[in-house]
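Dear colleague,

Please find below the structure that I am handing over to you, together with its sequence. My findings follow directly after it.

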Amino acid sequence: MNILFKIVHDLVFFAWDASLTAVNVVTPKKKKGHVVPKGHPGFGGQWPEYVAPKEGDSRCACPALNALANHGILPHDGKNIQFKEMGRAVRATYNFSSTFCYFVPHYAAEMLGKSYGKDRIDLSELDLHNGIEHDASLIREDMALEPDQSKPHVGYITELLSSASGKDKETGETILTSKDVSKFSSKRRADAREYNKEFSLDFLHKMFGSIKERIPEGWETKVRQRLGVTLAEFNITVLGVEFGISEKKYLAEKKKAEEAAQSAGEGSGITAAPVTTEEAPQTGNLVDVE
């Protein structure tokens with residue numbers, strides 16, 4: 001009976017998501033400045049004050065959820081949060097669809113063996129390894145090397161942002177493109193396989209895996225679909241990133257660069273110091289982060 005219910009539930013859900021996707025295709029996008037609903041924190045670019053987490057506060061590997069807690073949109077201590085409350089906050093702040101904001105918290109509840117409608121969670125509970133948290137994250141060290149997944153790896157963040165090659169058509173600001181993310185993901189996965197002997201990454205985490213956790217004053221999401229970005233639309237974007245990832249290409253380029261550096265070193269009489277496993281995770285230029 002449970003299996004039959006799940007099949008019917010999933011069929012209804014994906015039909016619902018497909019219908020919202022279709023509506024987004026044929027309806028105009030929300031106007032700039034009117035994405036966050038009136039009455040919700042962030043309307044008109046006015047976000048609640050950022051307050052850094054203190055000792056004992058609960059945070060997780062998801063920067064978007066941590067930012068909501070840091071601004072008090074979710075409880076600042078990150079504890080005792082309803083799954084539905086989490087979905088509502090994500091929907092209003094980031095303009096994700098009702099289907100997306102149902103699916104992800106519902107998946108998290110199932111993963112943790114909790115009731116989506118009745119139970120509550122602390123954000124740190126989401127860091128169950130290979131649940132939502134996964135190896136080769138773009139901005140965090142693998143759990144085998146850094147058990148506290150609430151801590152972003154500053155070097156990775158700096159390196160990722162410095163790889164941005166796109167331009168925002170409206171503001172002219174430098175932005176990350178799908179190609180940039182694919183290239184950096186290739187590096188992270190290849191490096192993690194080498195340095196983390198407990199490395200694992202299944203298909204689901206490849207799909208969803210692909211900073212300072214605060215919302216800038218005046219910021220508004222660029223996601224302006226009428227009904228919010230659906231799970232189908234999200235996965236189309238992620239698939240584009242995933243198909244662009246090539247660990248083999250990264251390793252070939254890395255080997256070529258190392259050989260060139262070695263040749264240059266031999267020509268000048270300078271020998272580069274070897275990189276140890278302990279030093280390997282510290283990639284990218286470090287910057288000061290509050």
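**Overall composition**

The protein chain exposes about 16700 Å², and carbon and sulfur atoms supply 59% of that area. Please note that this is a predicted model. Of the 290 residues in the protein chain, 40% count as buried. The chain contains 9 helices and 4 strands, and these follow one another along the sequence in the pattern α-α-β-α-α-β-α-β-β-α-α-α-α.

**Helix α2 and its packing against α3**

Helix α2 covers residues 63–70, and helix α3 covers residues 83–94. The two pack at an angle of about 95°, with their axes 11 Å apart. An angle from 65 to 115 degrees counts as roughly perpendicular, and α2 and α3 are therefore roughly perpendicular to each other. On the α2 side, the contact is made by A64, L65, A67 and L68; on the α3 side, M86, A89, V90, T93 and Y94 take part. The residues of this contact between α2 and α3 divide into 8 nonpolar and 1 polar, with no charged residue.

Helix α2 is itself mostly covered, since 6 of its 8 residues are buried. The buried residues in α2 are L65, N66, A67, L68, A69 and N70, and the buried residues of α2 pack against α3. After α2 comes G72, whose phi is positive, near 75°.

**Helix α1 and its packing against α8**

A second helix pair is formed by α1 and helix α8, the latter spanning residues 231–243. Their axes are 8 Å apart, and the packing angle is about 80°. That angle makes α1 roughly perpendicular to α8. From α1, the residues F13, F14, D17, T21 and N24 make the contact, and from α8, L231, A232 and E233 do so. The residues in the contact of α1 with α8 divide into 4 nonpolar, 2 polar and 2 charged.

**Salt bridges**

Side chains of opposite charge can pair when their charged atoms come close. How many salt bridges does the structure hold? There are 3 salt bridges in the structure, and I describe them in sequence below.

- D10 forms a salt bridge with K6, and the closest N and O atoms are 3.6 Å apart. Both D10 and K6 lie in helix α1 (residues 2–26), where they are 4 residues apart, about one turn of the helix. D10 counts as partly exposed, because its relative accessibility is 25%. K6 also counts as partly exposed, at 43% relative accessibility.

- K54 and D57 meet through their side chains in a salt bridge, at 3.4 Å from N to O. Are these residues buried or exposed? K54 has a relative accessibility of 54% and therefore counts as exposed. D57 is buried, with a relative accessible area of 15%.

- K114 and E125 have side chains that meet in a salt bridge, at 2.9 Å from N to O. This pair links distant parts of the chain, 11 residues apart. K114 is in the loop between α4 and β2 (120–121), whereas E125 is in the loop between β2 and α5 (154–162). K114 is partly exposed, with a relative accessible area of 25%, and E125 counts as partly exposed at 27% relative accessibility.

**Two individual residues**

H106 is placed in helix α4, which covers residues 100–112. The relative accessibility of H106 is 16%, so H106 counts as buried; the cut-off for a buried residue is under 20%. Not counting residues up to four places away in sequence, H106 touches H9 and Y116.

T221 lies in the loop between α7 (203–209) and α8. With a relative accessibility of 7%, T221 counts as buried. Which residues does T221 contact, leaving aside its neighbours within four places in sequence? T221 is in contact with V35, T93, Y94 and N95. Among them, T93 and Y94 also take part in the contact that α3 makes with α2.

With kind regards

Key
Residues numbered from 1 in each chain as written. Predicted model: local features only at pLDDT ≥ 70, side-chain atom pairs only at ≥ 80, totals over all residues. Heavy atoms only, no water. Axes fitted to C-alpha atoms, helices over the stretch in contact; angles between N-to-C directions. Parallel < 35°, antiparallel > 145°, perpendicular 65-115°, else oblique. Contact = heavy atoms within 4.5 Å. Nonpolar A, V, L, I, M, F, W, Y, C, P; charged D, E, K, R; others polar. Buried < 20%, exposed > 50% of the residue type's maximum accessible area, 1.4 Å probe, protein only. Areas by Shrake-Rupley, 256 points an atom, 1.4 Å probe, with all protein chains shown as cover. Salt bridge = Lys/Arg side-chain N within 4 Å of Asp/Glu carboxyl O.
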